[in-house]
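Grab a pen and keep the viewer open. Below are a few exercises, each with a solution that goes step by step.

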Amino acid sequence: MSAIAAGPRQTKFVLDESRIPTSWYNIAADLPEPPPPVLHPGTGQPIGPGDLAPLFPMELIKQVVSTEREIEIPDQVRDAYALYRPSPLFRAHRLEKALDTPAHIYYKYEGGSPSGSHKPNTALPQAYYNKAEGVTRMATETGAGQWGSALAFAGSVFDLDVKVFMVRASYDQKPYRRILMETYGAEVVPSPSPDTQYGRKVLDATPDNTGSLGIAISEAIEDTVSHPGTKYSLGSVFDFVLLHQTVIGQESIEQMGMAGEEPDVIIGCAGGGSNFAGLTFPWLGRTFRGGRKYRVIAAEPEAAPSLTRGVYTYDFGDTAQMTPLIKMHTLGHDFIPEPIHAGGLRYHGMSPLVSLLKEGGHIEAQAVHQRSAFEVGVQFARTEGILPAPEPTHAIRVAIDEALAAKEAGESRVILFNLCGHGHFDLAAYERYLDGTLEDYEYPREKVEAALAGVPVVG
Ligand SMILES: Cc1ncc(COP(=O)(O)O)c(C=O)c1O
């Protein structure tokens with residue numbers, strides 16, 4: 001047989017369209033300890049559905065408070081999911097060979113969605129529920145541009161206007177993301193922007209401000225409450241976003257079954273926590289219901305290490321202190337991360353659910369420098385062919401380290417990670433890595449200490 005002939009090995013595990021999950025998995029039903037309440041910033045008391053009504057449609061608010069294990073996915077959303085779901089699971093045979101590891105590496109690939117990442121998994125239901133409740137326009141922020149592209153796409157599917165506040169650093173780094181959003185019909189402005197009172201205040205104080213997700217969230221919320229017919233939409237952190245992403249993990253359970261394997265280690269990158277939760281929560285749910293324990297690892301950037309070096313406390317989700325207070329791992333809502341190229345990971349906080357699981361010892365976290373992440377992004381492209389978005393290169397780094405540790409220990413290990421987006425709009429960053437000008441950013445301890453001094457004291 002020729003050396004290049006295909007063997008019996010299987011590379012892709014593909015599910016039929018009929019296998020798109022019919023419900024989202026709600027981890028609230030299985031959590032070992034209840035999540036702390038979300039607090040009203042004025043009164044310090046737990047918020048109720050009415051407090052969220054100016055921002056979100058009621059169906060989404062109901063999902064946040066629900067403790068039902070399964071929440072049905074509306075037919076129109078499943079129909080739109082069919083444009084790209086179920087997503088494939090790959091076995092990374094070629095990467096395994098390059099690493100000469102006995103480990104088996106699997107990755108769930110979400111980059112085949114129309115906008116190039118996992119983000120439409122929640123953009124589509126958010127647009128659907130808004131449309132169903134008579135909303136005509138949605139306002140949002142975007143870090144990497146992936147979320148803005150996803151919501152712009154979902155707005156075109158459900159016929160809604162979309163306004164996107166795009167973090168200035170990404171707006172400058174990725175003009176083609178802006179053009180993609182505009183092609184779907186969205187209006188895009190760099191944040192801080194002159195379009196909001198808060199944006200003007202930030203620009204007056206710091207005209208060269210490169211922006212942050214915290215600032216862009218404040219602008220999108222201000223835009224929402226000052227435009228009738230508009231609701232706010234967000235691409236991470238909040239419980240209903242994580243809920244919608246669980247289609248990833250549910251499919252992966254079925255696909256790992258097709259491969260005849262169970263993961264020992266499950267990895268996702270974590271900015272606000274949604275793709276990480278989407279892959280891992282259905283697996284963690286099995287553990288919480290008495291099943292096997294998996295090692296579950298969140299990979300985050302050294303430049304914004306909320307889970308590994310942040311404090312677990314109540315803080316605002318945005319810089320202008322407009323959001324409710326949520327208990328989470330935070331670097332302080334004033335923290336402005338360095339302009340690393342993984343724009344989606346430049347967030348001061350972490351999802352409260354992911355934070356709770358980290359605090360309870362159910363998951364681990366590791367921080368990765370961007371050069372080390374890009375190094376494996378290139379290795380992945382050269383072995384598996386797919387050019388990863390900068391965010392999931394952090395997960396690839398951890399997956400490769402696990403595979404090398406298995407080799408060192410001379411043991412087999414099954415590793416599953418989420419390849420949550422492609423990097424076709426991130427070529428300027430790859431160019432900087434390839435020409436040697438990409439820098440690592442040290443954790444700015446003094447800046448974080450200053451930002452943490454501004455964290456609210458909750459009694
Ligand atoms: C491709 C990609 N991965 C990861 C993230 C981080 O978000 P999350 O932690 O919610 O998945 C983003 C956010 O924009 C992203 O675009």
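**Exercise 1.** In what order do the strands of the open sheet of 7 strands run, and what is the pairing?

Before solving it, some ground rules. This is a predicted model, where local features need pLDDT of at least 70 and side-chain atom pairs count only at pLDDT 80 or more, while totals for chains, interfaces and linings use all residues. Residues are numbered from 1 along each chain as its sequence is written, and side-chain values use heavy atoms, with hydrogens and water left out.

*Solution.*
- Step 1: Pick out the strands, which are DSSP E runs of at least two residues, just as helices are H or I runs of at least four, numbered from the N terminus. Two strands pair if DSSP finds at least two bridges between them.
- Step 2: Read across the open sheet, and you get 1-4-5-15-10-11-14, with mixed pairing.
- Step 3: Check the ends. Strand 1 (12-13) and strand 14 (364-368) each have a single partner strand, so one side of each has no neighbour in the sheet.
- Step 4: Look at the strand 14 end, where strand 11 (residues 295-301) pairs with strand 14 in the parallel sense over 5 bridges. One bridge to spot there is Glu300 with Ala367 of strand 14.

**Exercise 2.** Work out how strand 15 is paired and how covered it is.

*Solution.*
- Step 1: Start with strand 5, which runs parallel to strand 15 and is joined to it by 6 bridges; Lys108 sits opposite Asn418 of strand 15.
- Step 2: Move to strand 10, also parallel to strand 15, with 3 bridges between them. Here Ile267 has Phe417 as its bridge partner in strand 15.
- Step 3: Check burial (buried is under 20% relative accessible area, exposed over 50%, partly exposed in between; 1.4 Å probe, protein chains only). In strand 15, 6 of its 6 residues are buried.
- Step 4: Sort the side chains: Val414, Leu416 and Asn418 point one way, and Ile415, Phe417 and Leu419 the other.
- Step 5: Find a helix lying across strand 15. Helix 12 (residues 274-288) lies across strand 10 (265-269), strand 11 and strand 15, at about 155° to strand 10. Contact here means heavy atoms within 4.5 Å, and angles run from 0 to 180 degrees between N-to-C directions of axes fitted to C-alpha atoms, for helices over the stretch in contact.

**Exercise 3.** Find the polar contacts of the ligand.

*Solution.*
- Step 1: List the surroundings (a heavy atom within 4 Å). There are 15 residues, and the closest are Ser236, Gly271, Gly273, Ser274 and Asn275.
- Step 2: Look for N or O pairs within 3.5 Å. A polar backbone atom of Gly273 is 2.8 Å from a ligand oxygen, and an N or O atom in the Asn275 side chain is also 2.8 Å from a ligand oxygen. For Lys119, a polar side-chain atom lies 3.3 Å from an oxygen atom of the ligand.
- Step 3: Ask how covered the ligand is: the protein covers 98% of the 390 Å² of accessible area it has on its own, by the Shrake-Rupley method with a 1.4 Å probe.

**Exercise 4.** Is Thr319 buried or exposed?

*Solution.*
- Step 1: Locate Thr319 in the loop between strand 12 (311-316) and strand 13 (325-330).
- Step 2: Read off its relative accessible area, 13%, so Thr319 is buried.
- Step 3: See what Thr319 touches, leaving out residues up to four places away in sequence: Tyr198, Ser212, Gly214, Ile215, Ser218, His333 and Asp334.
- Step 4: Zoom in on Ile215, whose backbone nitrogen lies 3.1 Å from a polar side-chain atom of Thr319.

How values were computed: A polar contact is a pair of N or O atoms within 3.5 Å; within protein, one must be able to donate a hydrogen and the other to accept it, and residues adjacent in sequence count only if both atoms are side-chain atoms.
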